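Q: Could you take a close look at the surroundings of the ligand in this model for me? I would enjoy a connected walk through that part, followed by a glance at the packing elsewhere.

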Amino acid sequence: MHQTSKRAALSNPDTGFPPRLSQAFTHNTALSALEEAASFGRWWFDCETSQMVLSALAASYLNVETLCHDRLDGCFISVVLDDLLPLISQLSSKPLQSGGFEFRVISPLDGLRWLRMTHMPADPDNPGLLSGILVDITPIKHAMMRERLGFELTEFLVGSHSLGDAITNVIQLICRNLGWDWGAYWAMEQSPQGASRLVCKHFWHRPELDLGSLGMESVTSSLAPGEGLVGSVWESGQPDWVEDMANDLRFSQRTNDRECRLWSGYVFPVTYVSADGHQHNPGVLEFYSCLSRQPEAQLPKLSATIGALIAQMAKRLDQQATILYLAQVDGLTGLVNRSHFYELLTQACTASEKANTSFGLVFIDLDRFKPINDAFGHEAGNVVLHEFARRLRALAPAGASVGRLGGDEFALLLPGQSQEDIATLVEQVLQAARLPFAYEGVELTVSASVGVSTFPQGGKTCPALLQSADAAMYRIKNNGRNGCHFFSLSSPNALALHRSSIAQRLALETELHHALQGDELFLAYQPIFNIRNQTLEAVEALVRWKRPDGTLVPPDVFIPIAEQSHLIVQLGKWVVSQACRDLAILRAANFQTLKIHVNMAASEFTSSTLPDELCAQVAAYDLDPSSLTLELTEGMLMKSPDQVIPVMRALRRLGFGISLDDFGMGHSSLALLKNLPISSLKIDRSFVSDLTQQRNDRAIVKTIIDLGCQMDLEVIAEGVEAAPQLAILQQSGCILIQGYLIDRPLAIAELLAKYPAERQPHELHAN
Ligand code: C2E
Ligand code: CA
Ligand code: CA
């Protein structure tokens, strides 16, 4: 009876409505216009009878048609199940949560909407009657969601998320906020055969729904553009609704959709326009619901935001790919850079180990590159490097990697090439290095030193292979450059020796650099004595390095190190300048005709500016060029005669003396002597030391002396240590003698003290 009267009351508020709610209802109609304008609905709830009265707007928010409800479940029929119980318990418990209670309502027309129910202060006269307002907070929630999406994007951008995690989070967020049960991202990818396919990369579904098999099916299948709903959305670039998935042919391939009772869905493209104005369509997002949902008005706008967000992530991925590319490529030459080359080499080691195959590693170091950089500037150096890289790339066979390891060092990784193939290629590389490089009308020339090592003979790891190729390359560097050496393990400690020598070399190079800045170098002068006149004809300046701790570093040790780096240029200039200064002192001490011999390094003699520089240096001390004799060895000459001989000619024309040092040591050719612009030659001490035992050497020395005389060359015998040697040399007609028998190299003060100027011959005999 009670029930019936209540029902009647609800259906007819004017008659049987309980007085408290009837009042509310009257209020309600009067205020409805205001409510509409202010966008809030009102509600009244009788705690004793559990009756609820809604304003018209509140009813429309709750997606119900009647305003008066005698049971809460009838009034909350559209409330999302998860939120229903907490909502009811909110109303029946007192006091109500302050700030209101939020819950979700789902409708086929509007999709998921968020409402907030707040209550008014209780009326003291009617403590059992609750009232309050109902606000649709969906726009606020969407704004929050967009913010949250932005946050996800930031997380991804700063790297605390992978793209997969970020997209999965975004999908989950959208599902939870917009009431979808399933969401997935399909990315357009290029298959190895070159065909474009849409591939499901990430998906999420409400955990309580059994959608695992749909997930499996989605990630293992792919769609062509135009195929299925996803494919057609990608192709058209337009969002699309599906209202009844079970009867939509575009789902024919995804049979599980039906089994898992997904009903409706919204699919939209992810697009962005890059800075160059190009439109990119990296993929498609799909969202499905188990409910039958109608197209929702707010979705297209939201999906544009979401699409742009995912697109930003995709764009970021593209950028990462570009960054990755930049991180692997050498900026100047476009070749693979050092670190990436090492990676490739490591990968090649692993792959070859597994497949039991071999590959070659070719190490290329340009010779005489530093002088080009020094003389013509970095731009010229860059032109050489860039052009050499181009030539290397052109020569490299398919499948090879071409890298620049830094400076003037290059490397080739050659899988699947035989020893013969590699040897042929290396020959071509050497030729390519020797071809001139054009820079501002000048032809620059370099050559290359090449070391080859092969997997696994030369090593089974990246560092081991690099070291053996480097060791092979240094064999060439030390053997006159411009050639190739294949690493072999024939000498078992070849690597260990090489390794320690490299470390030592580097340490000494650094030390020498400091020595040159500081005051650690000085010159010693070894007399070159004229035994016929008994006069001091000349002195040879020999550089000395005294470390701060007092130890002496022999020039045989540090000169080669200086030669391998740019330091020799600096060192050579210092020696000439110091020698000139000392000669000026000697001149002042009345050594009027004394000459100074200075040893030159190969790289100094290839510089066409040497004559001018030397002129300036002698002029600075008011000396004549004829007071300076430059010593160079045959080896230096033979290495690049086309460059050295013109410099020698120029120097001779200017009046400088040139002495061929260590004559007889190398592949001496007497024929060559005839055409050389030299003023003297120095018989190597190895001939002199054996003069008393070896008849052959006596004959050779005699021939050299005779030849020298015929060609009007001064002949100096060096390394004379004993009187019998001197006697033989004297018999053979040699006049100029240098060696410990006469004197050791002396400091300038010692020289001045021992050899008073213009001494008489007899005085010297007494010495
Ligand atoms: P070098 O030009 O053949 O110099 C002669 C070397 O023989 C000097 O050794 C000298 O001390 C040594 N010597 C002189 N008389 C005798 C002797 O009777 N018996 C023996 N056993 N040795 C004798 P040092 O000073 O150690 O120089 C070695 C090499 O270092 C020189 O050989 C030269 O090639 C190079 N060098 C020295 N100073 C310079 C320099 O200023 N510039 C350059 N580029 N090289 C230099
Ligand atoms: Ca010398
Ligand atoms: Ca010598």
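A: Here is a walk through the ligand's surroundings, then the nonpolar cores, and then one arginine.

Please keep in mind that this is a predicted model. Let's begin with the shell around ligand 1, which is made up of 22 residues. The closest of them are Q526, R544, R685, E721 and Y740. By type, the residues of this shell divide into ten nonpolar, eight charged and four polar.

Two of the closest residues, R544 and R685, also have polar side-chain atoms paired with the ligand. In R544, an N or O atom of the side chain lies 2.8 Å from an oxygen atom of ligand 1. For R685, the distance from a polar side-chain atom to a ligand oxygen is 2.8 Å. N599 joins in as well, with a polar atom of its side chain 3.0 Å from an oxygen atom of ligand 1. On its own, ligand 1 has 790 Å² of accessible area, and the protein covers 85% of this.

Which elements give two or more residues to this shell? They are strand β21 (535-546), helix α19 (555-564) and strand β25 (657-663). Of the elements around the ligand, β21 provides the largest share of the shell, with four residues.

Now for the nonpolar packing. The largest nonpolar core contains 78 residues, and the members that touch the most others are F605, M648 and L729. Helix α20, which spans residues 567-588, gives this core its largest share, nine residues. F605 is a good place to look in detail: leaving aside residues up to four places away in sequence, F605 touches M600, L610, L630, L632, M636, Q643, V644, V647, M648 and L651. M648, then, is both a contact of F605 and one of the members touching the most others in the core. A second core, separate from this one, has 30 residues, including F410, I422, A433 and Y439.

Finally, let's turn to R104, which sits in strand β4 (residues 101-107). Is R104 buried or exposed? R104 counts as buried because its relative accessible area is 16%, and the cut-off for buried is under 20%. Among residues further than four places away in sequence, R104 touches S78, V79, V80, D82, D83, L112, R113, W114 and R176. With R176 there is also a polar pairing: a polar atom of the R104 side chain lies 3.5 Å from the backbone oxygen of R176.

Technical notes
Residues are numbered from 1 along each chain as its sequence is written. Chains are lettered from A and ligands numbered from 1 in the order in which they are written. This is a predicted model: local features need pLDDT of at least 70, side-chain atom pairs count only at pLDDT 80 or more; totals for chains, interfaces and linings use all residues. Side-chain values use heavy atoms; hydrogens and water are left out. A residue is near a molecule or strand if one of its heavy atoms lies within 4 Å of it. A polar contact is a pair of N or O atoms within 3.5 Å; within protein, one must be able to donate a hydrogen and the other to accept it, and residues adjacent in sequence count only if both atoms are side-chain atoms. Accessible areas come from the Shrake-Rupley method with a 1.4 Å probe; for residues, only the protein chains shown count as cover. Ala, Val, Leu, Ile, Met, Phe, Trp, Tyr, Cys and Pro count as nonpolar, Asp, Glu, Lys and Arg as charged, and the others, Gly among them, as polar. A nonpolar core is a set of buried Ala, Val, Leu, Ile, Met, Phe, Trp, Tyr and Cys residues joined through side-chain atoms within 4.5 Å. Buried means under 20% relative accessible area, exposed over 50%, partly exposed in between (1.4 Å probe, protein chains only). Contact means heavy atoms within 4.5 Å.
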